[in-house]
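The exercises below are meant to be worked through with the structure in view. Each task is followed by a solution that proceeds step by step.

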Amino acid sequence: MGGILRYIRRNPSLGWGLGLLLVLLLFATVGRLFINERDAYALATRPDQPPSWQHLFGTDTQGKDLFTGMVIGMGMTLMIGAIAGSIGIGIGTVLGFTTGYYAGSILDSVITAIVDIVLTLPGFFVLVLIASTLADPATLNVVPMGVIASVTAWAYPTRSIRAQVMTMRERPFVMMAKLSAMSTGKIIVRELMPNLLPYLAMSLAGAVYGGLMGSLSLEGLGIGNRRNPTLGMTIFWVNYYSAFMRGMWWWILAPVAAIILVLTSLVLISMGLDEVANPRVRTRV
Amino acid sequence: MALRYILRRLGFLVLVIWAAATLCFILPHLTGRDPIREQITQRIATMGLSGDAAQAMIDAHKRVFGLDQPLWKQYTIYVRNMLRFDLGYSISNYPKPVIEIIQESLGWTVRLVGMATILAFLLGTILGALIGWKKSPKFLNLLVPPLMIFSAAPPFVLALVLIYFLAFRAKIFPLGRAFGQYTKVDWSSLKFWLDYAYHAMLPAFSLILVSLGTWGLGMRAMMVTVEGADYMTFGEEKGLKGVRLFFSYGLRSALLPQITGLAIQMGAIVSGSALVEVYFQYPGLGTRLNMAIQTFDYYTIYGIVFFVVCGIALATLLVDLIYPLLDPRISYSKGT
């Protein structure tokens, strides 16, 4: 533990990112002890109230308490990101290791071609296509939203993990393992995986970021369950009721700050892990 | 052979466009219901279309998409139609063809995104290079955190903040739309151009703010690596002027990954601008897409998405083809 703390002192982006994410997680979990969940939904309080001791972040036009909304919405949005990111990194790891290990095979060419195509497609438009056709928007709660957002979150991890595995598989210790007749599965799990752990963690942060961007964009258009006070949906309502033309700064401030904090923490974590994974990137003088 | 590379790249373009068309065909079939037909019948019920008009609408769709044919034939007809940009008719604005809707709104989007991207690329690259440059004043480093935060945020979220402060509070810019409410669209009058530029500034600003960070931080990182290179030390020893060293030695070689970045970022840029358009009520493709989504106008949704995919795939291809011309070290002559 002491070693980790000492390392984080040398790697401030990782420290700041993890710290920020921890604060946000605490806000979403511990915050629940101080709220009445019903206040996050329409008609719970007096509408259009600026921040006060009773309503820390103010209330919106539908009479939702924004503090309660932020606590619940932060949890929901982080959950959506976590689901999309885990699915993305799960698929990315399986495909990345297979294609990287069997680079040059037909399977590799097919999967790599698919990855290239998916990476060229503009993610947001594909998500719009899928979400508007497949689902009744009112059923798009946290889990389905995370699953849909993962559609565009797997391709990049696949490509970058494949590249890492390809450089790794020619290393002497992998050769040694092969010569000692270790099975392919064991080589991947015991020799390659542990060496790529920081890299996988970095890809996870990236995939969560990608999934969040996807779901936030969909919600920004009002695609999703509009009853849920997720961060993206709050932004949608801000625009829907033109909060900016009515001087309701608190209604804009809360979700914008929350979104920027979440995304910034992920970028910081990913930058910090990049330094762990590729010591040569350490640009700090 | 360069020719082989170009052919391979063209083949990939075809593959991407085919994939997009196939996705548009498969998705409605996956639902197990027929969302398009549901919408049409619902519309007939609510709008009280006469039986004849309704039948005409259904027949038109049947004819264009060969809906009475077996599935594989429907698929080939569909892909062929899409490739000719015969994208069907808008359900909510029937009998307007989808391609006409795209033609009306495309220009607004291309001008906005094009200008914003070029400006952000130039500004961000120069700014990033300056931040990364050893001899620059130290205070430039203070720009790094804000650049990072802006680049992490989705542009439409920043747009809300800009609208509140610059349009509502300070009243410097209009709240939205592409031109004044009482202005006539007239590309030959200077007054219209000024009004148009005035309205485009804030949406462009929110797009620029986001990509400025992407280009700036990328360039800064590249500049730091380039500075360690031997030819830089050599240039310095030769006693070259700082300006020359910065532009011809540093900037030029650090620039190349930025151009690859442009090809990769294309999709994200257009996605971001689609939402910014919605939040500014800007009459481009993004706003039309949003209107189609809100009214379940499936043909318009599919048409716009397909069109955007084609546009981005083409733009990426162009960047990829220009790249070897810029970097004399890369030639696609050997086996690549």
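## Exercise 1: Chain B as a whole

Task: for chain B of this predicted model, describe where the mean positions of its charges lie, and then its make-up and its surface.

Solution. Begin with the charges: chain B has 29 positive and 18 negative charges, and the mean positions of the two sets are 6 Å apart. Next, take the secondary structure, which comes to 13 helices and zero strands. The C-alpha trace of chain B spans about 85 × 60 × 40 Å along its principal axes. Turning to burial, 50% of the 336 residues in chain B are buried, while the chain exposes about 16900 Å², with carbon and sulfur atoms supplying 67% of that area. Finally, among the contacts in chain B with a separation of 6 or more, 71% are accounted for by residues 24 or more positions apart.

## Exercise 2: Chain A in the same terms

Task: describe the secondary structure, extent, burial and charges of chain A.

Solution. The secondary structure of chain A comes to eleven helices and zero strands, and its C-alpha trace spans about 75 × 50 × 30 Å along the principal axes. Of the 285 residues in chain A, 51% count as buried, and the accessible surface of the chain comes to about 13000 Å², 67% of which belongs to carbon and sulfur atoms. As for charges, chain A carries 20 positive and 13 negative side chains, with the centres of the two sets lying 9 Å apart.

## Exercise 3: A histidine in helix H8

Task: decide whether His199(B) is buried or exposed, and list its contacts beyond the neighbours within four places in sequence.

Solution. First locate the residue: His199(B) belongs to helix H8 of chain B, which covers residues 190–227. Its relative accessible area is 8%, and because buried means under 20%, His199(B) counts as buried. Once the neighbours within four places in sequence are left aside, His199(B) is in contact with Pro174(B), Gly176(B), Arg177(B), Ala178(B), Phe179(B), Gly180(B) and Tyr282(B).

## Exercise 4: Aromatic rings

Task: classify the aromatic pair formed by Trp187(B) and Trp193(B), and name the cluster to which these residues belong.

Solution. A search of the whole structure gives 34 aromatic pairs over all chains. In one of them, Trp187(B) and Trp193(B) lie 5.1 Å apart, centre to centre, with 65° between the planes, and this pair is edge-to-face. Both residues count as partly exposed, Trp187(B) at 33% relative accessibility and Trp193(B) at 40%. One aromatic cluster is formed by Trp108(B), Phe179(B), Trp187(B), Phe192(B), Trp193(B), Tyr196(B) and Tyr282(B). Within this list, Trp108(B) also has Arg111(B) lying over its face, at 5.1 Å from the ring centre.

## Exercise 5: Two residues with positive phi

Task: for Lys171(B) and Phe296(B), give the phi angle, the loop and the accessibility.

Solution. Start with Lys171(B), whose phi is near 55°, a positive value in a residue other than glycine. Lys171(B) lies in the loop between helix H7 (155–169) and H8 of chain B, and its relative accessible area of 60% makes it exposed. Lys171(B) also lies over the face of Phe168(B), at 5.3 Å from the ring centre. Then take Phe296(B), for which phi is likewise near 55°. Phe296(B) is placed in the loop between helix H12 (285–294) and helix H13 (298–326) of chain B, and at 34% relative accessibility Phe296(B) counts as partly exposed.

Notes:
Residues are numbered from 1 along each chain as its sequence is written. Chains are lettered from A and ligands numbered from 1 in the order in which they are written. This is a predicted model: local features need pLDDT of at least 70, side-chain atom pairs count only at pLDDT 80 or more; totals for chains, interfaces and linings use all residues. Side-chain values use heavy atoms; hydrogens and water are left out. Helices (H or I, at least four residues) and strands (E, at least two) are DSSP runs, numbered from the N terminus. Buried means under 20% relative accessible area, exposed over 50%, partly exposed in between (1.4 Å probe, protein chains only). Contact means heavy atoms within 4.5 Å. Rings of Phe, Tyr and Trp (its six-membered ring) pair if their centres lie within 6.5 Å; planes under 30 degrees apart count as stacked, over 60 as edge-to-face and the rest as tilted. A charge sits over a ring if NZ of Lys or CZ of Arg is within 6 Å of the ring centre and within 35 degrees of the ring normal. Accessible areas come from the Shrake-Rupley method with a 1.4 Å probe; for residues, only the protein chains shown count as cover. Lys and Arg count as positive and Asp and Glu as negative; His and the chain ends are not counted. The place of a charge is taken as NZ of Lys, CZ of Arg, CG of Asp or CD of Glu.
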